[in-house]
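Biologist: Please take me through one part of the structure closely, beginning with a single residue and following its surroundings outward. I would like the burial and the packing to be treated together.

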Amino acid sequence: MQPLDEKDIRRSFVNCSKGEASRIRMPAGFAEGTIPWADLDFLGWTDPGAPLRALLVLPGEDGPTGVVLRRPEAYKPSTLRSSMCRICLTDHTASGVALFVAPLAGAAGRNGNTVGEYLCADLACSLYLRGKRQPKMRLVRREETLTLQERIDRAMVNLAAFTNRVVAG
């Protein structure tokens, strides 16, 4: 992913007001310049000032598209169950995947309509795809015959489908 500046990120959000976008805190390491842009296909983080708000910014032909998400409140799930992220298809213990809900863009979102998706709880799909982060407590990793680029392409198609549902309102 190409590095983005704060102005581009704030301008990219499609499902919140400009005022809400101005109050979003940037991810940890953003001000210091330590975001690993070369390892990211999209930028995802939890707002440090609002722990139930998560954000995604993905690149696009017409510039970046940002989506504001609501993450679930913390709970203690069973570690015996496993779940799969619907974007990168990484297997996790139940606590490694969460249902994120996004208000739809436009009038539909202002009326309270939302769409949800199961994502890696830490929004680090890009790092899981590249093997730079491993799911916690997973003893067996599912092997795929796809190349890294094919897995990245699949994840971006999945993420774009979710984002398109948000944008369509």
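Modeller: In this predicted model, Ser-12 lies in helix H1, which spans residues 6-12. Its relative accessible area is 5%, so Ser-12 is buried. The side chain of Ser-12 reaches back to the backbone oxygen of Ile-9, at 2.7 Å. Leaving aside neighbours within four places in sequence, Ser-12 is in contact with Val-57, Pro-64, Thr-65 and Gly-66.

Two of these partners, Thr-65 and Gly-66, appear again around Leu-56. With neighbours within four places again set aside, the contacts of Leu-56 also include Phe-13, Phe-42, Leu-43, Val-67, Leu-69, Leu-119, Leu-123 and Leu-159. Leu-56 is among the residues with the most contacts inside the largest nonpolar core, which has 30 residues. Phe-42, Leu-69, Ile-87, Phe-100, Leu-119 and Cys-125 are named alongside Leu-56 in that group. At least two residues of this core come from each of strands E2 (53-58), E3 (65-70), E6 (97-103) and E7 (114-120), and from each of helices H4 (125-129) and H5 (148-168). H5 supplies the largest share, six residues. Another core, of 17 residues, lies apart from this one, and Cys-16, Phe-30, Ile-35 and Leu-43 are among its members.

How, then, is H5 arranged against its surroundings, and which elements do its buried residues pack against? H5 has 21 residues and reaches 30 Å from its first C-alpha to its last, close to the 30 Å expected at 1.5 Å a residue. Its buried residues are Arg-151, Ile-152, Ala-155, Met-156, Leu-159, Phe-162, Thr-163 and Val-166. They lie on the same side of H5 because they cover an arc of only 130 degrees around the axis. An α-helix has 3.6 residues a turn, so residues three or four places apart point the same way. The buried residues of H5 pack against E2, E3, E6, E7 and H4. On the face turned away from this buried side, H5 carries the exposed residues Val-157, Asn-164 and Ala-168. Just after the helix, Gly-169 takes a positive phi of about 70 degrees.

Positive phi values also occur at two leucines. Most residues other than glycine have a negative phi. Leu-123, one of the contacts of Leu-56, nevertheless has a phi near 55 degrees. Leu-123 lies in the loop between E7 and H4, and its relative accessible area of 6% means that it is buried. Leu-89 has a positive phi of about 60 degrees and sits in the loop between strand E4 (82-84) and strand E5 (91-93). Leu-89 is partly exposed, with a relative accessible area of 21%.

The cysteines complete the picture. A search of the whole structure finds zero disulfides. Cys-85 is in no disulfide, and the nearest cysteine sulfur, 3.6 Å away, is that of Cys-125, a residue already named among those with the most contacts in the largest core. Cys-85 has 0% relative accessibility and so counts as buried. The closest cysteine sulfur to that of Cys-120 belongs to Cys-88; the two are 3.5 Å apart and therefore too far for a bond. Cys-120 likewise counts as buried, at 0% relative accessibility.

How values were computed. Residues are numbered from 1 along each chain as its sequence is written. This is a predicted model: local features need pLDDT of at least 70, side-chain atom pairs count only at pLDDT 80 or more; totals for chains, interfaces and linings use all residues. Side-chain values use heavy atoms; hydrogens and water are left out. A nonpolar core is a set of buried Ala, Val, Leu, Ile, Met, Phe, Trp, Tyr and Cys residues joined through side-chain atoms within 4.5 Å. Buried means under 20% relative accessible area, exposed over 50%, partly exposed in between (1.4 Å probe, protein chains only). Helices (H or I, at least four residues) and strands (E, at least two) are DSSP runs, numbered from the N terminus. Contact means heavy atoms within 4.5 Å. The expected span of a helix is 1.5 Å times one less than its number of residues. The arc is that of the directions from the helix axis to the C-beta atoms. A polar contact is a pair of N or O atoms within 3.5 Å; within protein, one must be able to donate a hydrogen and the other to accept it, and residues adjacent in sequence count only if both atoms are side-chain atoms. A disulfide is a pair of cysteine sulfur atoms within 2.5 Å.
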